[in-house]
Structures are given as C-alpha cells and as structure tokens.
Amino acid sequence: MLGIPKNRVRCHVKRIGGGFGGKESCAEHVSTVAALAATKFNRPTRLILDRETDMIKTGKRTKFHAKYKVGCNKEGKILAHEVKLYADSGFFSRFNEHCMGFHLLFLVCDQGYAFGNVKVTGYICETNTNMGIPMRGALTIPPLVFTQALVNDVAFRLDLPIEQVHEVNMLKIGDKTPLGRELPDVHTMHTCWLRCLESSKYMKKRKIVEDYNRKSKWNKRGLYITPVTRDVGTPNRVWWQGAALVNIYTDGSVWVSHGGIEMGQGLHTKLIQVASKVLQVPQDNIHITETSTDCVPNATFTAGSTGSDIFGMAVKDACEKLIQRLAPYKASSPKGQWKDWVLASYNDCTSLSATGFYRHPKEYNWDLDKPREGNFDKYYVYVAVAVEVEVDCLTGAHKV
C-alpha cells in the first residue's frame, strides 16, 4: 500500500489470542491503516479496535448450505450420493473461490468412508454481508458436518443404530476413496473406533440416554459417536516451506526464531522441545522471543496443522548444523560440559549461528485441476470421538 520494498518493513508478533483464521485473513485492515498514519505523520501509531468494531469488521467462518440426495441399501451402506453446496462469501466472493474446490474435494474424499459414487457441485454466493474467511479447521469442519448429517439421516430414515451405519461405511483395508486413493494405515481408524466404543461405554450410555429422554419433558440428552480421518497438510507445495534461525551464545544459552505464529497451540513450546532434543541441552537453556520478519523472512501462514511439522523440521535442520560444528570440540573434551564446548568453539572462531530450512518433498505436489493425480499428504490422522450433550429445550442452556 505504501509502495515500499518489503526489506523496509519489520513485522513482528509475540503471540495472538484466539486468532484462528480471523487474524490470518483480516489483519491487513488494521496494519495498513496504522502504517498509513505512521508514514503520513512520521510518528509511532497504534490502532486498537473496540470489541464491537472488531466483531463487525472481522470476517467470520463461511456459512454453508447443503442439499443432498442419498441412495443406500437396507443395511445402511451408502451406494451413491449427490451434494449441492452453497457458500455465503459476502461482498467479496473471490475470496472463497479457491477454498470451494477444496471443500468439495474434502467432502467426497477424506472422510474415512468408502463412498463409491459421489457427485458434488459448489456454488459461490455473493451477498451484502462481510466476507466469510478461513477459520479453524476451515477445510475440514464444514465437509465433516455435512457428511455426518448425511450418515445420520440414513440411520434415522432406516431406523438403524448410528454406530452400525458408521461401521458398514468405514474404509477398510483395500478400499479406495472417490479419487482413487488408498489411505495408509486405515486399520488405525478401526482401532480408534473400537477403543472409543469401549472407553466411552457407549452402548451402556445409549440406554441411559434413552431412559432419561423418556422421563424428562424439557431437558433432553443426545449421544453421538463418529470416526474421523484427516489429512495433515495444505494442497499447495509452496505453502509447505519454512525457515528458522538458531543462535548459541557464549554462556551456553540458545535463542530460536522461526516463521510460525503462536496462537495457543503451543508451537513455541514444541520447537523448544525439538531444539532441546537435538542439541541435548535442557529446555530452560532455550528461549524464543517472538516471530519477526527481520529474523526469518518470507514465512507462509501458520495453518492446516502444519506449523509444528514445517518449523520443527527447520529448527531441527539448524540445530543439526550447529551440532556438527561443535562435534570436534566435544570429541576433544568428552568429559566437558555444554558451556565448555560452546566457549571452545567461539575461541576457535567457529560460527554459533545457523539457519534451517524445510520444504515438502516434490512427490507430494498436487494440482486442484488434476485431483486424481498425485497426493499432497505425507500422512493421515485417525480419530474416533463420542460426545454426550444435555439441552434445556426451554432456555437453550446446554452442557457437554
């Protein structure tokens, strides 16, 4: 906006609170206004929005409406389904055009079910509201909710236990997703499923819930169990890169900087643990001050559950370089301590600063226009979860 090169701008952040999505895509409204004022008046500028303005200005999770048809057999096996997906993208519809393709793919692909015949069509709707933006689990949660609604409807219409419908549709070894993918280690999902059934005492609780609902007029309880699978990653290789800078000081203390954003997910703590393990020093020796563009430039967004993977590997790379440099001094004094080796290397004019870098392997590159070719996922996570909720039907008060 100011027409100046990026090397004249230092952007730094220690942490953000509850910033899942909103601060990824809406922070520029605040930063550019503050930068304009600071440049025009040549004075430090601070812009803090009151809560009401912030809530109006900041985009929310994109609202969706789904219509679907389902074909199944008497056992609840889903043979085919068709979905029409409508996204409320607010006044700036182009913002969600890129995301829509991924929503459709997640809807048909990576839900942990062996869906054989699927047709999904997406519609971007332009309205007079604020734009919808990626929020936490942006590409995962909406398709997951749609799929669970679909599975639940099948169970309800056929009067079958929901756990039976899950089980007959879950991917098994040898099954493929609609894109022709055979997910690795899919037996892990079944292990999680059986363990969740047992640990939650699901079958016993279901009877308790049914009895409670018969006796209670206004308070009702709901019980649900579901398997979940999720690919970890983002569908564009350029987003799968990250760097880190690690400095060792002459007193043996270690300073780490990386391109990831701490937003309550414990990223700083995890990267301190990585550095501690590679350098073999106590975690108390290691400090992370903040994320800053003058230490680690060109950082991608922290999203898609990739922050720990990308920047953890970058920190590991930097620490391994430093370990190699310290190796001769450690070998010459095997009974010495960390501080002794650091000081000896400094006195020998050895660099105690190193950068680390990680990039996703080329074989995981993927093109949205050719979804059946390639795969952007290095691994999947498998989950099973059971939830019980009680709702007061008069007031809406609820507890989980």
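This briefing describes the overall make-up, nonpolar core, charged contacts and some local backbone features of one protein chain.

The model is predicted, and the values below were computed from it. The protein chain has 400 residues, of which 39% count as buried, and its secondary structure comprises 11 helices and 14 strands. Measured out along the principal axes, the C-alpha trace spans about 80 × 60 × 45 Å.

**Nonpolar core**

- The largest nonpolar core contains 28 residues, and within this set Ile 248, Val 254, Val 256 and Trp 338 are the ones that touch the most other members.
- At least two residues of this core are supplied by each of strand E8 (241-248), strand E9 (254-258), helix H9 (267-279), strand E10 (286-288), H10, helix H11 (338-347) and strand E12 (353-359).
- Among these contributors, H10 provides the largest share of the core, with 8 residues.
- In soluble globular proteins, nonpolar side chains tend to be buried together.

**Salt bridges within helices**

- The structure holds 10 salt bridges, and the pairs described in this group include one in helix H8 and two in helix H10.
- In helix H8 (residues 202-215), Arg 214 and Asp 211 are 3 residues apart and thus separated by about one helical turn; the two side chains form a salt bridge in which the closest N and O atoms are 2.2 Å apart.
- The partners of this H8 pair fall into separate accessibility classes, because Arg 214 has a relative accessible area of 62% and is exposed, whereas Asp 211, at 35% relative accessibility, counts as partly exposed.
- Helix H10 (residues 307-332) carries Lys 316 and Glu 320, which lie 4 residues apart, or about one turn of the helix, and which form a salt bridge with the closest N and O atoms 2.7 Å apart.
- Both partners of that bridge are partly exposed, Lys 316 at 31% relative accessibility and Glu 320 with a relative accessible area of 33%.
- Lys 321 and Asp 317 also lie in helix H10, again 4 residues apart and about one turn of the helix from each other, and their side chains meet in a salt bridge with an N to O distance of 3.8 Å.
- Lys 321 is partly exposed, with a relative accessible area of 32%, and Asp 317 likewise counts as partly exposed, at 23% relative accessibility.

**Salt-bridge network and surface charge**

- Arg 10, Glu 290 and Asp 294 are joined to one another through a network of salt bridges.
- A patch of positive charge on the surface is made up of Lys 67, Lys 69, Lys 84 and Lys 119.
- Within this patch, Lys 69 is placed in strand E3 (residues 63-72), and Lys 69 is exposed, because its relative accessible area of 62% lies in the range over 50%.

**Backbone features and a chain separation**

- Lys 201 has a positive phi of about 55° although it is not a glycine, and Lys 201 is located in the loop between helix H7 (187-199) and H8.
- The relative accessibility of Lys 201 is 49%, so this residue counts as partly exposed, given that the exposed class begins over 50%.
- Cys 349 likewise is not a glycine and has a positive phi, of about 60°; Cys 349 sits in the loop between H11 and E12.
- At 73% relative accessibility, Cys 349 counts as exposed.
- Glu 210 is found in helix H8, where it is partly exposed, with a relative accessible area of 39%.
- The C-alpha atom of Glu 210 is separated by 9.4 Å from that of Lys 220, a residue 10 positions apart from Glu 210 along the chain.

Methods
Residues are numbered from 1 along each chain as its sequence is written. This is a predicted model: local features need pLDDT of at least 70, side-chain atom pairs count only at pLDDT 80 or more; totals for chains, interfaces and linings use all residues. Side-chain values use heavy atoms; hydrogens and water are left out. Patches are made of residues with over 30% relative accessible area and no salt bridge: like charges are joined within 9 Å, nonpolar side chains (Val, Leu, Ile, Met, Phe, Trp, Tyr) within 5 Å. Accessible areas come from the Shrake-Rupley method with a 1.4 Å probe; for residues, only the protein chains shown count as cover. A salt bridge is a side-chain nitrogen of Lys or Arg within 4 Å of a carboxyl oxygen of Asp or Glu. Lys and Arg count as positive and Asp and Glu as negative; His and the chain ends are not counted. The place of a charge is taken as NZ of Lys, CZ of Arg, CG of Asp or CD of Glu. Buried means under 20% relative accessible area, exposed over 50%, partly exposed in between (1.4 Å probe, protein chains only). A nonpolar core is a set of buried Ala, Val, Leu, Ile, Met, Phe, Trp, Tyr and Cys residues joined through side-chain atoms within 4.5 Å.
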